[in-house]
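Student: I am new to this structure and would like a close look at a single part of it, namely the interior. Please take me through it slowly, with enough of the whole to find my way.

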Amino acid sequence: MIFLPAIKDMAKQRPGTDAGKDKHLVPDEEYNEFWEAFYLTLRTHFNFSAPVSDFVQKINPYFGNFGLRFHPVKLEPNYFHLGLDISDKSKTPIKPILDGVLEYSGFGHVNGHYVFLSHPEIVTEDGFKMYSIYMHLKQPSVKFNSYQKMLRQISFNHYPIIPIKKETEIGLMGSTGISEGLHVHLHLQIEFRNEKGQIIVVDPARILGCENCVNLSAKIKSIEEFEKFKTENEPDIKKHYNFKK
C-alpha cells in the first residue's frame, strides 16, 4: 500500500455553475506544484492504463477535458466538467485504469449504466482512498449476482470482495443516462473519498500521463455564442459529437 500526502487542504470547492449543488472538491491551482508531484507519484508507483486504445486522440477537445466548459446539453456557461470524455465506436470494450475492487454496477438517471471501482492500495495520509467510475456505458459486463447483493447489503458493502483486473472488460461504450447528444463516449471520473463522505475529484488525463488541455468551449458565455461556435466548428465537432436537433 502506498500512502500519498494529505490532500484535503490542497483542494477547493468545485467552481462554476453547479458550485454548491454538490460536495465535490477539485485540486486548487494555487497548489499546482503539489498536484504535479502528486500525479507524478501516482504514475511512478502504479501502472495505469487507458480504458480504450489511443485515448488521447479520442478526448473531446471542445467539452471533454477536466475543467471549465460550456455544457452542450444544459446550455450553461462556466460549467466545471469533473471527468474526461473519450469518444469511440459503440460497444467498444472498456477496461479499468488499474486493478481494483467492484463496488457497484448498475444504472443511474445521470450516470446511465456505470461501474464503480475502488483502488484500496492508493490511500492518502488524511484518509482519502481512490475510486474510479465508468459512466454512460451501453451495458456493464461485471456485476454482483442476487446472492452477492444480499451479502453486500447485510455487510454494509464490505463483503464479498470482487477483484477486477485491469485487463477485464467491465462494460461497452455507450450513451446512456444524461449524455451529450447522439454520440458514444466514456465519462471517466477518478476521485478520492474518505469516511466522512468528502470527495476530491482529480484529473484523469494527468493520472494517465496526458497533458491537460483547456476545453475549447471554456470561454463561451451565452447560448448565442455557443450556436455561433457550433456553426464555425461543425465539421470537427461532429467527429466527437452528433448533437440532437
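Tutor: One definition is needed before we begin: Lys and Arg count here as positive and Asp and Glu as negative, while His and the chain ends are left out. Counted in this way, the protein carries 30 positive and 30 negative side chains, and the centres of these two sets lie 7 Å apart. Please keep in mind throughout that the model is predicted.

Before going inside, consider the whole. The protein is built from six helices and 15 strands, and its C-alpha atoms fill a box of roughly 55 × 40 × 35 Å along the principal axes. A compact globule of 245 residues would have a radius of gyration near 18 Å, and the protein has 18 Å, so the two agree. Of the 245 residues, 50% are buried, and of the contacts between residues at least 6 apart in sequence, 70% join residues at least 24 apart. The accessible surface comes to about 12500 Å², with 54% of it belonging to carbon and sulfur atoms.

Now to the interior itself. The largest nonpolar core has 42 residues, and those with the most contacts inside it are Phe38, Leu42, Phe48, Ile97, Ile122 and Phe192. Several elements each supply at least two residues of this core, among them the helices α1 (32–45) and α4 (204–207) and the strands β9 (112–124), β10 (129–137) and β14 (185–193). Helix α1 gives the most to this core, with five residues. A second, separate core of seven residues includes Tyr62, Phe63, Phe70 and Phe229.

Ile122 is a good residue to look at closely in the larger of these settings, as one of those with the most contacts inside the largest core. Setting aside residues up to four places away in sequence, Ile122 touches Ile2, Leu4, Leu42, Phe46, Phe48, Leu98, Phe128, Lys129, Met130 and Phe192.

Other buried residues can be followed in the same manner. Leu25, in strand β3 (residues 24–27), has a relative accessible area of 15%, which is under the 20% cut-off, and therefore counts as buried. Beyond its neighbours within four places in sequence, Leu25 is in contact with Lys8, Ala11, Lys12, Gln13, Arg14, Ile199, Ile200 and Val201.

Charged residues can be buried too. Asp28 sits in the loop between β3 and α1 and is buried, with a relative accessible area of 13%; apart from residues up to four places away in sequence, Asp28 touches Met10, Ala11, Lys12 and Trp35. Arg206, in helix α4, is likewise buried, at 17% relative accessible area, and its contacts, leaving aside neighbours within four places in sequence, are Asn32, Trp35, Glu36, Tyr39, Arg43 and Asn212.

For contrast, turn to the loop between α3 and β12, where Asn157 lies. Asn157 is partly exposed, with a relative accessible area of 47%, and has a positive phi of about 65° although it is not a glycine. Pro160 is found in the loop between α3 (146–154) and β12 (163–164), and a cis peptide bond, with omega about 0°, joins Tyr159 and Pro160. Most residues other than glycine have a negative phi, and most peptide bonds are trans. To relate this loop to the buried Asp28 described above, note that the C-alpha atoms of Asp28 and Pro160 are separated by 36 Å.

Key. Residues numbered from 1 in each chain as written. Predicted model: local features only at pLDDT ≥ 70, side-chain atom pairs only at ≥ 80, totals over all residues. Heavy atoms only, no water. Helix = DSSP H or I, 4+ residues; strand = E, 2+ residues; numbered from the N terminus. Buried < 20%, exposed > 50% of the residue type's maximum accessible area, 1.4 Å probe, protein only. Contact = heavy atoms within 4.5 Å. Rg over C-alpha atoms; globule rule 2.2 N^0.38 Å. Areas by Shrake-Rupley, 256 points an atom, 1.4 Å probe, with all protein chains shown as cover. Charge placed at Lys NZ, Arg CZ, Asp CG, Glu CD. Core = buried A, V, L, I, M, F, W, Y, C linked by side-chain atoms within 4.5 Å.
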